[in-house]
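Got your viewer open? Let's take a walk through this structure, one selection at a time.

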Amino acid sequence: MAIKLYEFRDISTGLAADQFGIRSRGELASLDDLDPSFKRLLDEQVTAIISVMAADGRPSLTPMWFDYEGDKVLINVADHRKKTAWIRNNPEVSLILVNPQNPYHWVSMKVTVEREISEDDPDEGARVTTQVDRIWTKYTGAEPPYGLRDPSIDERRVLFECRVDKVSTFGVP
C-alpha cells in the first residue's frame with residue numbers, strides 16, 4: 001500500500017508566493033523512499049509529538065520517543081495510562097518530528113493502528129519488552145532494561161503497530 005506524500009514549500013531559499021502551501025503531492029512505496037534529510041529525523045534521537053483524541057474530543061499531545069520497523073510506526077505505552085484507552089477508542093494518531101537544530105525542518109505522519117500487542121501476550125509479549133528496551137537505549141544511551149517503569153505498580157506495556165497513511169515534509173536541515 002502506497003503512503004501519500006505532501007511536500008510543503010518553505011522559505012529557505014527566500015520569500016515566495018504561496019510559500020507555505022503544498023509544493024507537490026505524491027506517493028512513497030516505503031518510508032525508505034523519504035528524502036534522506038527527512039528520513040534521518042526518523043532514525044536520530046528526535047522526540048515525536050504524538051496527538052491522540054482524548055475523551056473530551058480534543059487532541060491530547062504528548063512528547064514521546066519515536067520508533068518504527070519497516071513501514072510500521074511503533075507506539076509503546078503503559079497499559080494503565082489514559083492515552084492507551086484513547087488510542088484504543090480512536091486508532092488514528094498524528095505525530096510530528098521536528099529537527100531540534102531547525103524548527104523549520106520537520107516531518108509529520110498520520111498513522112492508523114493495525115495491531116495491538118500486550119507485553120503479557122505469551123507468543124509476542126517479549127517483542128514489546130525488547131522494543132521498549134531498544135528505544136530506552138536509543139534515547140538515553142543506557143543499557144536495558146527500560147528504566148522508567150512505574151515502581152508503584154506492575155507496569156505492563158502495550159505496543160501499537162501503526163500503518164503510515166500520510167507523510168508531510170517541510171524545510172531543509
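## Stop 1: a hairpin

Start by selecting strand β3 (residues 48-53) together with β4: the two pair in the antiparallel sense, over six bridges. Keep in mind as you look that this is a predicted model. Isoleucine 49 is a good spot to click, as it stands opposite proline 63 in β4. The two strands make a hairpin with five residues between them, and in the turn you'll find glycine 57, which has a positive phi of about 85 degrees.

Now show the side chains of β4 (residues 59-64). Which of them are buried? Ser60, Thr62 and Met64 are, and they point to one face. Pro59, Leu61 and Pro63 point to the other face and are not buried. In a regular strand, side chains alternate between the two faces of the sheet.

## Stop 2: a helix and its neighbours

Next, pick helix α1 (residues 36-43). Its buried residues are Ser37, Phe38, Lys39, Leu41 and Leu42. Colour β5 (67-69), β7 (92-98), β8, α3 and β9 as well, since these are what the buried residues of α1 pack against.

## Stop 3: aromatic rings

The structure holds seven aromatic pairs. Select tryptophan 65 and tyrosine 146: their ring centres are 6.3 Å apart and the planes sit at 90 degrees, so this pair is edge-to-face. Tryptophan 65 is in the loop between β4 and β5, while tyrosine 146 is in the loop between α3 and β9, 81 residues apart. Tryptophan 65 is partly exposed at 25% relative accessibility, whereas tyrosine 146 is buried at 10%. Add Trp136 and Tyr139 to your selection, and you have a cluster linked by ring pairs, with Trp65 and Tyr146 in it too.

Then go to tryptophan 106 and phenylalanine 170. Here the centres are 5.6 Å apart and the planes are at 15 degrees, so the pair is stacked. Tryptophan 106 belongs to strand β8 and phenylalanine 170 to strand β9, with 64 residues separating them in the chain. Both are buried: tryptophan 106 at 18% relative accessibility, phenylalanine 170 at 5%.

## Stop 4: salt bridges

How many salt bridges does a search of the whole structure find? It finds 22. Side chains of opposite charge can pair when their charged atoms come close.

Try arginine 23 and glutamate 7, whose side chains meet at 4.0 Å, N to O. Arginine 23 is in strand β2 (residues 22-28) and glutamate 7 in strand β1 (residues 3-8), 16 residues apart. Glutamate 7 is partly exposed, at 21% relative accessible area.

Move on to arginine 115 and glutamate 161, a salt bridge of 3.5 Å. This one links strand β8 (residues 106-118) with strand β9 (residues 157-170), its partners being 46 residues apart. Is each end buried or partly exposed? Arginine 115 is partly exposed at 32% relative accessibility, but glutamate 161 is buried at 10%.

Now select arginine 156 and aspartate 120, which meet at 2.8 Å, N to O. Arginine 156 lies in the loop between α3 (125-140) and β9, and aspartate 120 in the loop between β8 and α3, so the pair ties together parts that are 36 residues apart in sequence. To see salt bridges that share partners, select Asp67, Glu69, Arg115, Glu124, Arg127, Arg134 and Glu161, which they join into one network.

## Last stop: the surface

Turn on the surface and highlight Ile11, Leu15 and Phe20, which make a nonpolar patch of about 320 Å². Leucine 15 sits in the loop between β1 and β2 and is exposed, at 73% relative accessibility.

Notes
Residues are numbered from 1 along each chain as its sequence is written. This is a predicted model: local features need pLDDT of at least 70, side-chain atom pairs count only at pLDDT 80 or more; totals for chains, interfaces and linings use all residues. Side-chain values use heavy atoms; hydrogens and water are left out. Helices (H or I, at least four residues) and strands (E, at least two) are DSSP runs, numbered from the N terminus. Buried means under 20% relative accessible area, exposed over 50%, partly exposed in between (1.4 Å probe, protein chains only). Patches are made of residues with over 30% relative accessible area and no salt bridge: like charges are joined within 9 Å, nonpolar side chains (Val, Leu, Ile, Met, Phe, Trp, Tyr) within 5 Å. Accessible areas come from the Shrake-Rupley method with a 1.4 Å probe; for residues, only the protein chains shown count as cover. Contact means heavy atoms within 4.5 Å. Two strands pair if DSSP finds at least two bridges between them. Rings of Phe, Tyr and Trp (its six-membered ring) pair if their centres lie within 6.5 Å; planes under 30 degrees apart count as stacked, over 60 as edge-to-face and the rest as tilted.
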